[in-house]
Amino acid sequence: MKDRIQAALDKIRPALQADGGDVELVDVSDDGVVKVALQGACRGCPMSQLTLANGVERVLKEEVPEVQRVEPV
């Protein structure tokens, strides 16, 4: 599952990098909780929670149905 999550993040990454940010996979629990670290411009951006929920989490759930939620670290 971790490899599929990483592949999905790789699809999102260019959009984040275009705005000076990035996302790093930190951990995946057995119960489908994915922990990510937003980096660069995304780290301090006031819209980061929206990016996380509507961007990262939505795509991960579409690509990897076992994902229950995404949490920032």
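Student: Why are R13 and D10 separated by about one helical turn in helix α1?

Tutor: Because R13 and D10 are three residues apart in helix α1, they sit about one helical turn from each other. Keep in mind that this is a predicted model.

Student: What makes the contact between R13 and D10 a salt bridge?

Tutor: Their side chains come to 2.4 Å, N to O. The cut-off is 4 Å between a side-chain nitrogen of Lys or Arg and a carboxyl oxygen of Asp or Glu, so the pair qualifies.

Student: How do you know whether R13 is buried or exposed?

Tutor: Look at relative accessibility: R13 has 15%. Buried means under 20%, so R13 counts as buried. Its partner D10 has 41%, and since that value falls between 20% and 50%, D10 is partly exposed.

Student: What makes D22 and R13 a salt bridge, and is D22 buried or exposed?

Tutor: The closest N and O atoms of D22 and R13 are 2.7 Å apart, which is within 4 Å, so this is a salt bridge. D22 has 17% relative accessibility, under the 20% limit, and therefore counts as buried.

Student: Which residues do these salt bridges join into one network?

Tutor: D10, R13 and D22 are joined, through salt bridges that share partners. R13 is bonded in this way to D10 and also to D22. The structure holds six salt bridges.

Student: What about E63 and K11: why is that called a salt bridge?

Tutor: Again, set the distance against the cut-off: the closest N and O atoms are 3.1 Å apart, within 4 Å, so it counts. This pair links distant parts of the chain, with E63 in helix α3 and K11 in helix α1, 52 residues apart.

Student: Which exposure classes do E63 and K11 get?

Tutor: E63 has 35% relative accessibility, between 20% and 50%, so it is partly exposed. K11 has 57%, over 50%, so it is exposed.

Student: Now the sheet. What makes β1 and β3 edge strands?

Tutor: The sheet is open, with three strands in the order β1-β2-β3 and mixed pairing. β1 (21-28) and β3 (69-72) each pair on one side only, and that makes them the edge strands. Neighbouring strands are turned by 35° against each other on average, direction ignored.

Student: How do you know that β2 and β3 count as paired?

Tutor: Two strands need at least two bridges. β2 (residues 33-40) and β3 have four bridges in the parallel sense, so they pass. One of the partnerships puts V36 opposite P72 in β3.

Student: Where do helices α1 and α3 go relative to the strands?

Tutor: Helix α1 (residues 2-18) lies across β1 and β2, at about 165° to β1. Helix α3 (residues 48-63) packs on the sheet, touching β2 and β3, and its direction makes about 145° with that of β3.

Student: Which members of the largest nonpolar core touch the most other members?

Tutor: I5, L9, V34, L60 and V70, out of 19 residues. The largest share, five residues, comes from α1. Leaving aside neighbours within four places in sequence, I5 is in contact with L25, V28, V34, L60, V64 and V67.

Notes: Residues are numbered from 1 along each chain as its sequence is written. This is a predicted model: local features need pLDDT of at least 70, side-chain atom pairs count only at pLDDT 80 or more; totals for chains, interfaces and linings use all residues. Side-chain values use heavy atoms; hydrogens and water are left out. Helices (H or I, at least four residues) and strands (E, at least two) are DSSP runs, numbered from the N terminus. Axes are lines fitted to C-alpha atoms, for helices over the stretch in contact, and angles run from 0 to 180 degrees between N-to-C directions. Contact means heavy atoms within 4.5 Å. A nonpolar core is a set of buried Ala, Val, Leu, Ile, Met, Phe, Trp, Tyr and Cys residues joined through side-chain atoms within 4.5 Å. Buried means under 20% relative accessible area, exposed over 50%, partly exposed in between (1.4 Å probe, protein chains only).
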